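Q: Can you walk me through this one? I'd like to go over the cysteines, then the ligands.

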Amino acid sequence: MTVALRARGIEKRFGSVRAVTGLDLEVPLGACFGLIGENGAGKTTFIKMVLGITRPNAGELSVLGGSPHDVTLRRHIGYLPERLQIPESFSPLRFLASVGRVKGLTRPQIVDETRRVLELVGLDPVAWKRSTGGFSKGMRQRTGLAAALLGRPKLLVLDEPTDGIDPLGRAQIRDLIADAVREGTTVFLNSHLLAETEKICDHVAVLSQGRVVVRGALDVLKRKDAFRVRFKKADGDVDHATAAGFAPVDDLGDSRVFKLEGQSAEALSAALAKALGAGLIVLEVMPELKDLETILREAIVPSARGAA
Amino acid sequence: MNPRTVWNVAADVLREAVFSKYLIVLFGLIFLGLVTLALALDLEVVDGMISAGKLFGGTIIGGQSMAVGELLTSIMPVIVYLVCFLGTIFMIIAVADIAPRVLQPGRVELTLSLPIRRHELVAGIYLGVLIIAASSTLFGIGGASMVLFVKLKMASAAPLVGALCALVGFLAIYGVMLATSCVARSPALSAGFGFLVFGAGLATSDRRLVLMLIKSGVTRDLAALVMGPLPRLKTLADIGGEYAGGQAIRWGEAVPVIGGSVAFGLFFVALACIVVTVKDY
Ligand SMILES: Nc1ncnc2c1ncn2[C@@H]1O[C@H](COP(=O)(O)OP(=O)(O)O)[C@@H](O)[C@H]1O
Ligand SMILES: [Mg+2]
């Protein structure tokens, strides 16, 4: 099994609302996969289908090599719902114990695991025994995240994990998700926060009106059809660079940034050789990158037009 | 169905009730009810004879003095009815919001993502609520017995009998309440249907009388059909009252009523399981 999650032609309607239409998706084992899209795009609906909470009208889903309705597989899945409600009278310790028991952990395991995950999510130990009814949104979210991490699941499904958490806390949660990925956990998360997702995930799919409009490894998606090269300023540098095929982009004082269209490494090497031959000095070469927002904008605008 | 999982769900229902101080309030209310009963029931007992008896100021025993044994036949059935009917009403109100809370959005999603089958969740709630109902009733009858013991200077089984009748009826009533909660997560609706079954169950006990009031025809056949499977709650209390009053239990009638009540409850629990299983959350 090399795929943690596979979806084929998933459809979900709520009356006349088509929440998800013909969704195809594959999450490689060990990936940190981000499903992004604006509110109402169908992200939560898809996650609920992955976990067998909602049933698709059509399509096939395979989770960790089995069906979403296979109860034994759920032991290996950790889930943070979108708007988690923890029984108000329960303390984090009690809540986690309750989840741990159902997940089949033994009593000593529950004690150890509860400690580990609560420390991991950075919940202040004085709050561990307090009832969650008085918790802030962030504290509740951390408790929910701890429950998802309990028992080291193979697949972690997080619906808007940083929702309601302050910027410092967000960085902390990004770190702990990264740690989980390093330990071999596959992470599938949902977010409408692009910058967040960009920082955490290595794979993304963009959902728009229930359909995947872009998908792939983030470093491939981000690559633009161009390279940027920074040369040291010199007499006639612009002429030499232009003659080699570069176009000037920016003046940084003692250096200048140029751009070369295209993605071919051969073309880049040839242009660089020509520029170096003319005596220019290279300070930096990098692929030109788009941010996720640009990817999203490019992806959604044409497809939305197509749908209209 | 994995009994361990069912028990885990039931135990969490109990834990939530305990930690939300909800049970404490519940037990406090029962206690208050008992104190009221103790103060309202005014009996004068001299040498095993009761010379006067008043309940809420109204004379229930007056004139000639009465042997305690004689009192049993007159007052014990009343106590059975009181404990049984008030207990049932009390339980319906007390547990109405438990299932809607467990099934509430944001919470049920997490539960359903855990290794729990949906029918195990439903069965667990049913079990948990019945344990709450049984323990609060036991607490109640313990207190009621004490009141009678102090007032009469003799022990009586009447409160226990009344509580058992209430519990048997509640098996059926809560089945309907649970099924209602699974369809629509509303405590008010759940309690409403609980009262409906309770009322209908009382009326069904005198079904011949009720049917006689309805003109013959489709309406009457329909009424007979509806009343057929309903648990005959008043019949149960009648039998309990007779027993507490010193008569023998009419097992011939009691067994079908008890069996019917259990079957009725389980039928609706099964219905609730089906509803939850086919539903999207
Ligand atoms: N239970 C439901 N009943 C009716 N419509 C729903 C239900 N759940 C989701 N929807 C609709 O499906 C669409 C997708 O919702 P959702 O998956 O929650 O989006 P997202 O998580 O991407 O914000 C929305 O239009 C929403 O209104
Ligand atoms: Mg959502």
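Q: Start with B:Cys273: buried or exposed?
A: B:Cys273 is buried, at a relative accessible area of 12%. Buried is under 20% relative accessible area, exposed over 50%, and partly exposed in between, using a 1.4 Å probe and protein chains only. This is a predicted model, where local features need pLDDT of at least 70 and side-chain atom pairs count only at pLDDT 80 or more, while totals for chains, interfaces and linings use all residues, and side-chain values use heavy atoms, with hydrogens and water left out. Residues are numbered from 1 along each chain as its sequence is written, chains are lettered from A and ligands numbered from 1 in the order in which they are written.

Q: Why no bond for the sulfur of B:Cys273?
A: The closest cysteine sulfur belongs to B:Cys182 and is 7.7 Å away, too far for a bond. A disulfide needs two cysteine sulfur atoms within 2.5 Å.

Q: And B:Cys165, how far is its sulfur from the closest cysteine sulfur?
A: The distance is 5.1 Å, to the sulfur of B:Cys84, which is also too far for a bond. B:Cys165 is buried, with a relative accessible area of 9%.

Q: So how many disulfides over all chains?
A: The count is 0.

Q: Switching to the metal. Which protein donors does the magnesium ion have?
A: A:Thr44 through OG1 and A:Glu82 through OE, at 2.0 to 2.3 Å from the ion, which is ligand 2. Donors are N, O and S atoms within 2.8 Å of the metal (3.2 Å for Na, K and Ca); water is not among the atoms, so sites may look incomplete.

Q: Where do A:Thr44 and A:Glu82 sit in the chain?
A: A:Thr44 is in helix H1 (residues 43-50) of chain A, and A:Glu82 is 38 residues away, in the loop between strand E5 (77-80) and helix H2 (92-102). Helices (H or I, at least four residues) and strands (E, at least two) are DSSP runs numbered from the N terminus. A:Thr44 counts as buried at 16% relative accessibility, and A:Glu82 as partly exposed at 21%.

Q: What polar contacts does ligand 1 make with A:Thr44 and A:Gly40?
A: An oxygen atom of ligand 1 is 2.7 Å from a side-chain N or O atom of A:Thr44. An oxygen atom of ligand 1 is also 2.7 Å from a polar backbone atom of A:Gly40.

Q: Which element supplies the largest share of the shell around ligand 1?
A: H1 of chain A, with 3 residues.

Technical notes: A polar contact is a pair of N or O atoms within 3.5 Å; within protein, one must be able to donate a hydrogen and the other to accept it, and residues adjacent in sequence count only if both atoms are side-chain atoms.
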